[in-house]
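Q: I am new to this structure and should be grateful for a close look at a single part. Please take one sheet, describe how its strands are arranged, and then place it beside other backbone features.

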Amino acid sequence: MKVMKLLSYVALFAFLGLSFTACGDDEDPITPGTINNPAISSLSTNNANIGDIVTINGADFGTADDDGTVYFGDKQAKGIVGETDSDYITWTNTKIEVRVPLGATSGNLIVSKTIDGTEYKSEPVMFYVGDMVEAPTELMARSEDQTSVALKWKAVTDAAKYVVKYDGQEKEVIPTPGAETVMTTITGLDEGTVYTFDVHSISNDLNLSAATSIDWAPAYRFETIEANTIKLYEAASDFGSGIDLFNENDGSPAILTVADGQDWNLGLYTKNDDVQFGSASKIPYNFGTTPEKCELAKITMAADVTLDDLYGSEALNGSTYTEELFDLNATDLQDKNILFFVKVPNGTNYNYAKVLVNGKGGFLQGTAPNRYIEVTISYQKEVNVPYAK
């Protein structure tokens, strides 16, 4: 009886086991797994020479039997994993060790695997083959005119050339051998538009460095009015002592007398042995209608500096502006040029400008009663665009 009972229990458990298994299969059937594209998470380096070993980390690389391939640009690594003379050292689902193959050039590194005749590729990762160079430094700019921006930067050792990228365009720049500074002018720009200029060094292997970038905008340049240098005259003269930086009538600066003082932005004041220059609203003339507030920031320059020499790296709205007159008789200003950053009201907005006052040999030039100072101007016509010069 015990034997019969034991056999009965064994048979029952076996039946129940089969029943549970069959039930589990019906409720949770095994489905084929999805195939994911390889995914690169990191590289041991993104720059190597031919024959160097690179480690690629990631997921879903497959196995060495999945007809896997690593592309270096248009060149494929060759061979069977682990064999002599193969480019492939190891290959697992999460890590590949591979030599940079002969003939590889800089470009996209891609991992692929082929399963059942379908190739699955990773997203590309930029990889550089050969020598690299440093990114440019000391990048600066100035507004050449209303459609051009000049750039300059410190030359990079071993850079074969440079490329400037902006607004979907590129300009190649070949440096002068031995020059410490590289300069170029970007033309054909839209006036008043702020551009981002990305400058890359390029190695002899045609590898690009990281970009050094600067924002700048073209602006109007005025050095003459009707073929004459821009002059502001002393009070005793019959000629104008004030300036409207951008006259809407003809798009250039206008030199005005006190009778039109309400339109002055900046002016020269020379009474009582004073020689002062600055905000027209601070000049003690009886204008009738006080000129609009115009604010300045002052920078002292060497006497031989021109607007062509004045590159910058910062927008004008970062300066501290004040509404004031500056004493040109001050001892520390003698035989110097003075650069003024200017913020001109335009309704509730501002136009920005740079005004360079020539002080070489003394600010007042000529003979009384028609002595004058000379200025050059870079003016940004577009409101709230803080770039000029």
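**A close look at one strand pair and its sheet**

A: In this predicted model, strand β23, residues 266-269, and strand β24, residues 276-279, pair with each other in the antiparallel sense, over four bridges. Within this pair, L266 has S279 of β24 as its bridge partner. The loop between β23 and β24 contains N272. Although N272 is not a glycine, its phi is positive, at about 55 degrees. Is N272 buried or exposed? With a relative accessible area of 67%, N272 is exposed, because the cut-off for that term is over 50%.

The pair belongs to an open sheet of five strands, whose order is β22-β21-β23-β24-β26. Strand β23 therefore stands between β21 and β24 in that order. The pairing throughout this sheet is antiparallel. In general, the strands of a sheet pair through backbone hydrogen bonds, in either a parallel or an antiparallel manner.The edges of the five-strand sheet are formed by β22 (252-256) and β26 (325-327), each of which pairs on one side only. On average, neighbouring strands of this sheet are turned by 20 degrees against each other, with direction ignored.

A second sheet may be set beside this one. It is an open sheet of three strands in the order β11-β12-β15, and its pairing is antiparallel. Its edge strands are β11, residues 137-145, and β15, residues 181-186; each pairs on one side only. Here, too, the average turn between neighbouring strands is 20 degrees, direction ignored. Strand β12 (residues 148-154) is joined to β15 by six bridges, and the two run antiparallel. One position in this pairing can be named: W153 stands opposite V182 in β15.

Two further loops complete the picture. In the loop between β19 (224-225) and β20 (228-233) lies A227. This residue is not a glycine, yet A227 has a positive phi of about 70 degrees. A227 is exposed, with a relative accessible area of 72%.

The other loop lies between β28 (349-357) and β29 (372-379), and P369 is found there. The peptide bond leading from A368 to P369 is cis, with omega near 0 degrees.

Notes: Residues are numbered from 1 along each chain as its sequence is written. This is a predicted model: local features need pLDDT of at least 70, side-chain atom pairs count only at pLDDT 80 or more; totals for chains, interfaces and linings use all residues. Side-chain values use heavy atoms; hydrogens and water are left out. Two strands pair if DSSP finds at least two bridges between them. Axes are lines fitted to C-alpha atoms, for helices over the stretch in contact, and angles run from 0 to 180 degrees between N-to-C directions. Buried means under 20% relative accessible area, exposed over 50%, partly exposed in between (1.4 Å probe, protein chains only).
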